[in-house]
Structure formats: structure tokens, C-alpha cells
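Let's take a relaxed walk through this structure, one piece at a time. Have a look at it first, then read on.

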Amino acid sequence: MNRLALMVIKNIFAVPGAYIKLCKHAKHPEKYPEIERYRHLQYIFKKANKAGNINLCAHGQENIPTEGGFMVYANHQGLFDIMAIAATCDIPLGAVLKKELYDIPFMKQIVDTTQSFPMDRDDIRQSMVVMQKVTEEVKKGRNYLIFPEGTRSKLGNKLLEFHGGSFKCAYKAKAPIVPVALIDCFKVLDQKGSKPVDVQIHYLEPIPYEEYKDMKTVELAQMVHDRIEKVVSAQ
């Protein structure tokens with residue numbers, strides 16, 4: 001059976017209420033505390049993971065900052081990446097996502113409830129506006145996830161090049177960077193069947209602004225890439 005269908009079928013009685021509540025949070029996020037919205041999203045993801053025979057193996061969660069704004073940069077393997085990170089990171093996160101995802105039911109609600117930003121990669125001006133908004137939000141103490149490859153790898157656990165431009169908001173916000181290594185996320189929704197699957201999420205040691213402030217964006221991108229690749233390759 002398709003894994004996504006299995007997630008829905010096993011949670012058939014919980015889906016309507018959970019979705020209605022998610023829609024309320026998405027429509028008026030200002031009416032609900034961020035932690036309340038995020039915890040509900042985590043509840044949905046964890047229920048879906050259990051129903052879908054997905055075992056999340058999280059490592060290094062102690063490396064996640066507990067205060068102040070920070071940036072998370074992860075390798076990108078597919079649609080499940082966001083669910084894996086949100087389910088294992090208890091500190092609320094927003095994300096920068098490609099605009100096409102905003103047209104997908106449920107994904108639209110996730111974007112709105114987490115106050116994430118859809119980005120049009122073909123519109124340079126709109127992309128710059130998004131990055132500026134992320135910078136401003138991180139300065140205020142919120143936290144954001146970016147996939148610096150720009151698109152999912154489609155090569156399993158092999159990484160693509162990390163784009164230096166995606167790190168500019170970290171520089172401008174003078175924020176610590178948390179590299180995240182995702183392993184086998186692509187197996188969840190990109191492979192047929194619903195057999196049990198193990199997914200690894202490694203939260204690596206944060207990189208403080210003081211450590212990278214004098215580096216060029218391409219140098220920082222390569223450093224984060226190499227740290228993540230080292231963990232992925234070792235598994």
C-alpha cells in the first residue's frame with residue numbers, strides 16, 4: 001500500500017479534527033501562540049509517522065539552541081524532510097520552501113501556521129524579499145530552515161552543491177547556524193510500498209557567527225556541506 005495512504009487510513013478518525021484545527025491556526029496564526037501552533041503540527045507529524053511505519057532516529061538534539069534566532073541548513077531529499085525535522089526539533093521553526101508547494105493542500109496550511117515563506121526561484125526580486133523577511137524574523141528571535149541545495153537531490157543520500165546565496169540571511173542576522181544531516185528521508189515518500197523504514201536526523205554542532213563572519217558565502221556553504229556530507233557518508 002502507498003505509505004501516504006496508510007498514514008491517512010490509520011488516522012482516519014483523527015484526521016478531520018486535526019485538520020480543522022490546523023486550518024484555524026493557518027488562517028489566523030496571530031490568534032494562537034507560536035508554540036501552540038507548532039505543537040499541534042508536531043502531533044500531526046508524529047501520528048503520521050507512526051501510522052506510516054516510520055522510525056525517526058534523532059541524534060544531537062542537544063545542539064539545538066534554546067533561545068535567540070538561529071538558522072537550520074539541511075540536505076534536501078524530498079517532501080518528508082520537513083516532517084522529519086519538525087517532528088524531532090522541539091524549538092519552533094519556519095522554513096523557506098519553493099512556491100509550488102504552497103498550492104498543495106495541507107502544505108499550504110503548514111506554511112501559513114508556521115509563518116514560513118514560499119519562494120519563487122525564477123523571480124530574483126521575490127527571492128531577495130523572502131530572504132530579507134527571513135533575516136528580519138531571525139533578528140527578532142524566530143528560527144528558520146533552509147535547504148541550500150535549492151532542490152531535492154534525487155540521488156538518495158548523495159548531496160548536491162550548496163548555494164552560497166542561501167546563507168546571506170544568516171550573515172545579515174548574525175545568527176548561529178545548525179547543520180542538519182538527513183539520511184534515508186527519500187525512502188519515505190519517494191519509494192513504493194509501506195514497509196518499515198528508519199530515517200536518521202543528525203543535528204550537528206552549531207556554527208556561531210563569530211566563526212564564519214569573515215568567510216565568503218561560498219566558503220561557508222562548502223564548510224556546511226562538508227560537515228553534513230561527512231555524517232551522511234559515515235552511515
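We can start in the sheet, with a pair of facing residues: Ala-95 stands opposite Leu-145 of strand β5. Keep in mind that what you see is a predicted model.

Ala-95 belongs to strand β3, which covers residues 94-98 and is mostly tucked away, with four of its five residues buried. On one side, β3 runs parallel to β5 (residues 144-146), and two bridges join them. With β4 (residues 117-119), β3 also pairs in the parallel sense, this time over three bridges. There, Leu-97 sits across from Pro-118 of β4. Strand β2 (residues 71-74) pairs with β5 in the parallel sense too, over three bridges, and Tyr-73 has Ile-146 of β5 as its bridge partner.

Here are those three pairings side by side:

| Strands | Sense | Bridges | Facing residues |
|---|---|---|---|
| β3 and β5 | parallel | two | Ala-95 and Leu-145 |
| β3 and β4 | parallel | three | Leu-97 and Pro-118 |
| β2 and β5 | parallel | three | Tyr-73 and Ile-146 |

How do you get from β3 to β4? Helix α5 (residues 107-113) joins the two strands in a right-handed β-α-β unit.

Now zoom out. Which order do the strands of the sheet follow? Seven strands form an open sheet, running β1-β7-β6-β2-β5-β3-β4, with mixed pairing. The edges are taken by β1 (54-59) and β4, each with a single partner strand, so one side of each has no neighbour in the sheet. From one strand to the next, the twist averages 25 degrees. Helix α10 (residues 217-234) packs on this sheet and touches β2, β6 (177-183) and β7 (197-203). The direction of α10 makes about 40 degrees with that of β6.

Last stop: helix α1, residues 3-10. Which of its residues are buried? They are Arg-3, Leu-6 and Met-7. Looking down the axis of α1, you'd find these buried residues within an arc of 105 degrees, so they line one face of the helix. There is a handy rule behind that sort of pattern: an α-helix has 3.6 residues a turn, so residues three or four places apart point the same way. The cover over the buried residues of α1 includes α3 (34-51), β1, α8 (186-189) and β7. And at the start of α1, a side-chain oxygen of Asn-2 comes to within 2.8 Å of the backbone nitrogen of Leu-4.

Technical notes:
Residues numbered from 1 in each chain as written. Predicted model: local features only at pLDDT ≥ 70, side-chain atom pairs only at ≥ 80, totals over all residues. Heavy atoms only, no water. Buried < 20%, exposed > 50% of the residue type's maximum accessible area, 1.4 Å probe, protein only. Pairing = 2+ DSSP bridges. Right-handed = clockwise from strand over helix to strand, strands pointing away. Axes fitted to C-alpha atoms, helices over the stretch in contact; angles between N-to-C directions. Contact = heavy atoms within 4.5 Å. Arc of directions from axis to C-beta. Polar contact = N/O pair within 3.5 Å; in protein donor to acceptor, adjacent residues only side chain to side chain.
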